[in-house]
Amino acid sequence: MTGRKPTQFTVFLWHRRAGLAAIILVIILAITGIMLNHTKALKLDENYVDSSLLLGWYGLEPEGEAISYDVGEHVITVLDHLVFFNSYPVTRTEQGFHGAVKAEQLIVLAFDAELVLLTHDGELVERMPTGHSFSEIKRIGIKYKRPVIETSDPLYYMADEHILDWDVIINEDIAWADKTTLNDTKMTVLLESFRGRGLTQERVLLDLHSGRIFGEYGTYVMDAAAVALLWLSCSGLWVWWRRRVRQKKKHHFQKHHRL
Amino acid sequence: MKKPALILLLTLLSASAFAGGVYQEPDAFIAEVFAENPPKAEVIWPNNELKAQIKDVLGHDYKGLRIRYWKQDKTTAWILDEIGKDKPITTGFVINNGRIERVRVLIFRESRGWEIRHAFFTDQFDNAALNKDMELDRTIDNISGATLSVRAVTKLARVALLLDQAVNAKQES
């Protein structure tokens, strides 16, 4: 009843549908595109994102709580499987952290089934899997400046000065490692170290523009938006041209065939 | 007809999915090498020259300042880690008189390439030594689909021989 031919009506209908479907994506494409054209002026490459939600989305927000132990004037922290000497990442672990002590020659970190040895300056000396020599480590302490381990048996083992050999001892005069809490300043520095250089606004806008921020298939969604834009251009042109032809015919008819 | 094929496929998939893991605990390996009477562990602190040689072989520094080993007469045993693709492969090496006596993959953490644990691969290292270019004196055949794991263990074999040389040279001096 619209008076349009079926072909023209279909094109117009799909023009409208494509426009409605793509509207949000086209807005995102347009705004992010404009902003990215002015990266320098907007300082997008110098400003960092501090939204926990976005940082978490990019995997830059640590999971779980930080576990810290004082070792002399330094602190050992495990945060989301990363082991830090003060704020410097030393190594990774998938195991539970049970403490750290400063022995005569080395710093000793205890995990479920592994000991990690560091120099007093935080350099990695050795990773020692305990294998089946010890059962599961429960905590670590110090006696005569030597590390002592408590296992789940429970048994108590004290290392020699080079931490090569272990002897069973009795549970006496052992100073067990105590957890500590990082103050706000130290926690901020640690989080900065965890996140590396962080996430720039430019990175987020680029990923938003390309669709990568939405994951593996996000780029295809943005591709679809671009195809929709192409379709809108062609169908819009088609509808405009058909309408123009029709109006010309109407004017011609009114002018020359008026009753 | 379809059902047995599906079962076979699932069996093969599950077999490959669980093929990695701890094949032998490192200290069990050491106990086995030294007939249940292992010597005390010793450590070598690689000097700059040795560090450079190891870096040349691995393409990166070996993690850690010291490396543990066990020595009895002219036999040394080493447990070394190297990343295949993403995760470290823990391998035990026994060197006797400057030649490899035994190679065993102890812990395999990667999702692919576990075939290197088999004797048909590790036996290739038997009696291998370093030539003057610090390369193995023989070719180690690749396993298709396990190239990175093969490469990692081959590099570790060279590192173990280098470390053995360094330990013996230190003792002689």
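Reader: How many residues does the contact take from chain A and from chain B?
Author: This is a predicted model, where local features need pLDDT (the predictor's confidence in each residue, from 0 to 100) of at least 70, side-chain atom pairs count only at pLDDT 80 or more, and totals for chains, interfaces and linings use all residues. Residues are numbered from 1 along each chain as its sequence is written; chains are lettered from A and ligands numbered from 1 in the order in which they are written. Two residues are in contact if their C-beta atoms, placed from the backbone, lie within 7 Å. The contact takes 11 residues from chain A and, from chain B, 12 residues.

Reader: How do the residues on the side of chain A that touches chain B divide into nonpolar, polar and charged?
Author: Ala, Val, Leu, Ile, Met, Phe, Trp, Tyr, Cys and Pro count as nonpolar; Asp, Glu, Lys and Arg are charged; the others, Gly among them, are polar. The residues on this side of chain A are then four nonpolar, three polar and four charged.

Reader: What ipTM does the predictor give the complex?
Author: Two scores come with the complex. The pTM is 0.70 and the ipTM is 0.77.

Reader: Which are the edge strands in the sheet β5-β6-β7-β8 of chain A?
Author: Helices (H or I, at least four residues) and strands (E, at least two) are DSSP runs, numbered from the N terminus. Two strands pair if DSSP finds at least two bridges between them. This sheet is open, with four antiparallel strands. Pairing on one side only marks its edge strands, β5 (97-102) and β8 (124-129) of chain A.

Reader: Which residue of β8(A) is the bridge partner of L117(A)?
Author: β7 (residues 114-118) of chain A runs antiparallel to β8(A), and five bridges join them. Across from L117(A), the partner in β8(A) is E126(A).

Reader: What share of the residues in chain B is buried?
Author: A residue is buried if 20 or more other C-beta atoms, placed from the backbone, lie within 10 Å of its own, exposed if 12 or fewer, and partly exposed in between. In chain A, 19% of 259 residues count as buried. For the 173 residues of chain B, the share is 32%.

Reader: What is the order of the elements in chain B from the N terminus on?
Author: Chain B has five helices and six strands. Read from the N terminus, they run α-β-α-β-α-β-β-β-β-α-α.

Reader: In what order do the six strands of chain B form their sheet?
Author: The sheet is open and its pairing antiparallel. β1 (21-22) and β2 (41-44) of chain B are the edges. The order is β1-β6-β5-β4-β3-β2.

Reader: Which residue in β4(B) is the bridge partner of Y69(B)?
Author: Start at the edge: β2(B) pairs with β3 (residues 67-72) of chain B over four bridges, and E42(B) stands opposite Y69(B). β3(B) is in turn joined to β4(B) by four bridges, again antiparallel. There the partner of Y69(B) is W78(B).

Reader: Which element gives the most residues to the largest nonpolar core?
Author: A nonpolar core is a set of buried Ala, Val, Leu, Ile, Met, Phe, Trp, Tyr and Cys residues joined through C-beta atoms within 7 Å. The largest holds 39 residues, and W78(B), F93(B) and I100(B) are among those touching the most other members. Several elements of chain B supply at least two residues each, including α2, β4 and α5 (147-172). With nine residues, the biggest giver is α5(B).

Reader: Why does H162(A) count as partly exposed?
Author: H162(A) sits in the loop between β11 (156-159) and β12 (166-169) of chain A. Its C-alpha atom lies 9.2 Å from that of R146(A). H162(A) is partly exposed because the other C-beta atoms within 10 Å number 15.

Reader: Which helix of chain B has the lowest mean pLDDT among the elements of that chain?
Author: Chain B averages a pLDDT of 87. Over residues 11-18 of chain B, pLDDT stays under 50, with zero contacts beyond four places in sequence. Where pLDDT is low, the predicted coordinates should not be read in detail. The lowest mean, 51, belongs to helix α1 (residues 2-17) of chain B.
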